[in-house]
Amino acid sequence: ALKNGADVCINYRSENIVERVREITNGEGVPVDLSILSQLGSLYVTRPSLVTYTAKPADLAAMAAELFDAVTSGKVRIDIHQRYQLKDAAQAHRDLEARRTTGSSILLPD
């Protein structure tokens with residue numbers, strides 16, 4: 001994450017997240033005061049999902065084309081850290097579930 005532009009990283013396996021956030025923010029934490037949103041013009045918080053934006057096949061195709069353009073231009077880098085033979089797909093799933101992977105994982109034909 002640091003290599004890709006993150007200012008700070010927290011390793012949830014070895015660090016207390018709450019303590020590190022307090023340390024990083026000089027004790028402020030990361031509060032979101034929702035009452036301020038109404039004062040700023042009826043703003044709201046939402047949690048968008050990809051399916052909302054790709055419900056129409058044409059929208060999905062356009063978004064995919066935009067992503068592939070960004071990848072081929074070098075604006076977006078995809079790091080492939082694991083490669084599995086297709087016959088080892090079950091192991092790939094176990095590794096993903098156990099959080100033993102980083103970056104992207106791909107399955108290769110046998």
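This report describes selected helices, salt bridges, surface residues and backbone angles of one protein chain. The structure is a predicted model, and every value given here is computed from it.

## Helix 1 and its ends

Helix 1 comprises residues 17–24. The N-terminal end of this helix is capped by Asn 16, which places a side-chain oxygen 3.0 Å from the backbone nitrogen of Val 18. Beyond the other end, Asn 26 follows just after helix 1 and adopts a positive phi of about 55°.

Within helix 1, Arg 20 and Glu 23 stand three residues apart, about one turn of the helix. These two residues form a salt bridge, and their closest N and O atoms are 2.9 Å apart. Is each partner buried or exposed? Arg 20 has a relative accessible area of 18%, and it counts as buried because the limit for that class is under 20%. Glu 23, at 53%, is exposed because its value is over 50%.

## Salt bridges

Side chains of opposite charge can pair when their charged atoms come close. How many salt bridges does a search of the whole structure find? The search finds five. Three of them are listed below, with the distance between the closest N and O atoms.

| Salt bridge | Closest N and O atoms |
|---|---|
| Arg 20 and Glu 23 | 2.9 Å |
| Asp 88 and Lys 87 | 3.6 Å |
| Arg 100 and Asp 95 | 3.0 Å |

The pair of Arg 100 and Asp 95 joins an exposed residue to a buried one: Arg 100 has a relative accessible area of 54%, whereas Asp 95 has 12%. Salt bridges that share partners also link Glu 15, Arg 20 and Glu 23 into one network. In the remaining pair of the table, Lys 87 is exposed at 61% relative accessible area, and Asp 88 is partly exposed at 31%.

## A nonpolar patch and the contacts of Ile 10

Five residues, Val 8, Ile 10, Tyr 12, Ile 17 and Ile 24, form a nonpolar patch on the surface. Together they present about 400 Å² of accessible area. Two members of the patch may be considered individually. Ile 24 belongs to helix 1 and is partly exposed, with a relative accessible area of 34%. Ile 10 is located in the segment before helix 1 and is likewise partly exposed, at 32%.

Which residues does Ile 10 touch, not counting those up to four places away in sequence? They are Glu 15, Ile 17, Arg 20, Val 21 and Ile 24. Of these contacts, Val 21 is 11 residues from Ile 10 in sequence, and the C-alpha atoms of the two are 8.4 Å apart in space.

Gly 5 also lies in the segment before helix 1. This glycine is exposed, with a relative accessible area of 54%. Its C-alpha atom is separated by 21 Å from that of Glu 66, which is 61 residues away along the chain.

## Helix 4 and the loop before it

Helix 4 contains 17 residues, 57–73. What span should it have at 1.5 Å a residue? The expected span is 24 Å, because the rise is counted for one less than the number of residues. The end C-alpha atoms of helix 4 are 24 Å apart, so the model agrees with the expectation. Helix 4 is followed by Gly 74, which has a positive phi near 95°.

Thr 54 is found in the loop between helix 3 and helix 4. It is buried, with a relative accessible area of 16%. When neighbours within four places in sequence are set aside, Thr 54 is in contact with Leu 60 and Met 63.

## Positive phi angles in loops

Most residues other than glycine have a negative phi. Ser 42 is not a glycine, yet it has a positive phi of about 60°. Ser 42 lies in the loop between helix 2 and helix 3 and counts as exposed, at 61% relative accessibility.

Arg 99 also has a positive phi of about 60°, although it is not a glycine. Its position is in the loop between helix 5, residues 89–97, and strand 2, residues 104–108. Arg 99 is exposed, with a relative accessible area of 51%.

Conventions. Residues numbered from 1 in each chain as written. Predicted model: local features only at pLDDT ≥ 70, side-chain atom pairs only at ≥ 80, totals over all residues. Heavy atoms only, no water. Patch = residues over 30% accessible without salt bridge, like charges linked within 9 Å, V, L, I, M, F, W, Y side chains within 5 Å. Areas by Shrake-Rupley, 256 points an atom, 1.4 Å probe, with all protein chains shown as cover. Salt bridge = Lys/Arg side-chain N within 4 Å of Asp/Glu carboxyl O. Helix = DSSP H or I, 4+ residues; strand = E, 2+ residues; numbered from the N terminus. Buried < 20%, exposed > 50% of the residue type's maximum accessible area, 1.4 Å probe, protein only. Polar contact = N/O pair within 3.5 Å; in protein donor to acceptor, adjacent residues only side chain to side chain. Contact = heavy atoms within 4.5 Å.
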